[in-house]
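Morning, everyone, and thanks for making room for me today. I'd like to walk you through a chain I've been looking at, helix by helix. Here it is on the screen.

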Amino acid sequence: MAVRSRVPGSMLMAVSLMNLLGALSAVWVIDKFGRKRCMLVGLGGMGACSLLMTIFLLTPTTSLLGPMLIAMCAFAFIFQIGPGCGYFVMITEVSPPHLKTQTYSLGNAMKYSFELVVSWTFLSLCQGVGTASVIAAFTAVSVVCFFCISLYVVERRREVDGRTVFDLSETWASLDAADRQQCVHWSEQFAYSAPAAASGKLALH
């Protein structure tokens, strides 16, 4: 009985650890492979893990406790590489400079609003329609989000002429004060970042 009582706590610690490791991995992975690609991999992986968990829940046997834990940990890890961390990066890059504050604030408000709704309704839905059905719904949401990201989101890792954010920052540092001011003006007009505008300015010369 004591062993059984420790199982939920151990599962929670394992999932929390995977969340941490996924978030730390995202520091390198998102810039290396690109925002859109990481979002697609994250959503695809979340959908696959949710589908596996649904199958495990529909197969009531204690021998699947280990595979269920592995699927939950994989879900947590890949969530951080995709929507978990990638979301915060993308919402600050898809908007023009003068709207970044509003975009970030409203984007976070929307994210936490959805999280609040899920927290309030998850247990009630599990009791009403069954846990397997609720997890299956997560699979469907992941699939819908995957196709929306695939169709409507533009990759932002390379902004101008194949240059990365770090290359653009070096370009920005090489300009004098007058050129920087002009690039800031361009960035406000055309929704580029100032270093990206700087790179475009050098490309024209």
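Let's begin with a single polar contact: a polar atom of the T54 side chain sits 3.4 Å from the backbone nitrogen of A136. Before I go further, please keep in mind that this is a predicted model.

So where is T54? T54 belongs to helix 2. Is T54 buried or exposed? With a relative accessibility of 8%, T54 counts as buried, since the cut-off for buried is under 20%. And which residues does T54 touch, once we set aside those up to four places away in sequence? The answer is A132, I135, A136 and T139.

That brings us to the helix pair around this contact. Helix 2 and helix 5, the latter covering residues 131–152, have axes that come within 8 Å and cross at roughly 160 degrees. The two helices are therefore roughly antiparallel to each other, because angles over 145 degrees fall in that class. As for handedness, helix 2 passes helix 5 in a left-handed crossing. If you'd like to follow along on the screen, the helix 2 side of the contact consists of K36, M39, L40, L43, G44, M46, G47, S50, L51, M53, T54 and L57. From helix 5 come T131, A132, I135, A136, F138, T139, S142, C145, F146, I149 and S150. Sorted by class, this contact of helix 2 with helix 5 has 14 nonpolar residues, eight polar and one charged.

Let me step back to the whole chain for a moment. How many helices and strands are there in the chain? We have eight helices and two strands, and along the sequence they follow the pattern α-α-α-α-α-β-β-α-α-α. The chain has 205 residues, of which 32% count as buried. Taking contacts between residues at least 6 apart in sequence, 67% join residues at least 24 apart.

Now back to helix 2, and its other partner in my talk. Helix 2 runs over residues 35–57 and helix 3 over residues 65–93, and they pack with their axes 8 Å apart at an angle of about 150 degrees. That makes helix 2 roughly antiparallel to helix 3. The crossing of helix 2 with helix 3 is left-handed. By class, the contact of helix 2 with helix 3 has 22 nonpolar residues, along with five polar and two charged ones.

One residue to pick out in helix 2 is L52. L52 has a relative accessibility of 41%, so it counts as partly exposed. From C-alpha to C-alpha, L52 and M72 lie 9.4 Å apart in space, with their positions 20 residues apart in sequence.

Let's move along to helix 3 and how it meets helix 4. Helix 4 spans residues 100–129, and its axis comes within 8 Å of the axis of helix 3, the two crossing at roughly 145 degrees. The crossing of helix 3 and helix 4 is right-handed. Who makes that contact? Helix 3 brings Y87, F88, I91, T92 and E93, while helix 4 brings K100, T103, Y104, G107, N108, K111 and Y112. By class, that comes to five nonpolar, four polar and three charged residues.

N108 deserves a closer look, over in helix 4. N108 has a relative accessible area of 11%, so N108 is buried. Leaving out neighbours within four places in sequence, N108 is in contact with Y87 and F88.

My last stop is helix 1, residues 2–33, where we find A14. Is A14 buried or partly exposed? A14 is partly exposed, because its relative accessible area is 21% and buried requires under 20%. Not counting residues up to four places away in sequence, A14 touches L69 and C73. A14 and C73 are 59 residues apart in sequence, yet 6.7 Å apart in space from C-alpha to C-alpha.

There is also G84, which lies in helix 3. G84 counts as buried, at 7% relative accessibility. The C-alpha atoms of G84 and A23 are 7.7 Å apart, and the two residues are 61 apart in sequence.

That's my tour. Thanks for listening, and I'm happy to go back to any of these views.

Terms used
Residues are numbered from 1 along each chain as its sequence is written. This is a predicted model: local features need pLDDT of at least 70, side-chain atom pairs count only at pLDDT 80 or more; totals for chains, interfaces and linings use all residues. Side-chain values use heavy atoms; hydrogens and water are left out. Axes are lines fitted to C-alpha atoms, for helices over the stretch in contact, and angles run from 0 to 180 degrees between N-to-C directions. Helices (H or I, at least four residues) and strands (E, at least two) are DSSP runs, numbered from the N terminus. Angles under 35 degrees count as roughly parallel, over 145 as roughly antiparallel, 65 to 115 as roughly perpendicular and the rest as oblique. A crossing is left-handed if the near helix is turned anticlockwise from the far one by less than a right angle, and right-handed if clockwise. Ala, Val, Leu, Ile, Met, Phe, Trp, Tyr, Cys and Pro count as nonpolar, Asp, Glu, Lys and Arg as charged, and the others, Gly among them, as polar. Buried means under 20% relative accessible area, exposed over 50%, partly exposed in between (1.4 Å probe, protein chains only). A polar contact is a pair of N or O atoms within 3.5 Å; within protein, one must be able to donate a hydrogen and the other to accept it, and residues adjacent in sequence count only if both atoms are side-chain atoms. Contact means heavy atoms within 4.5 Å.
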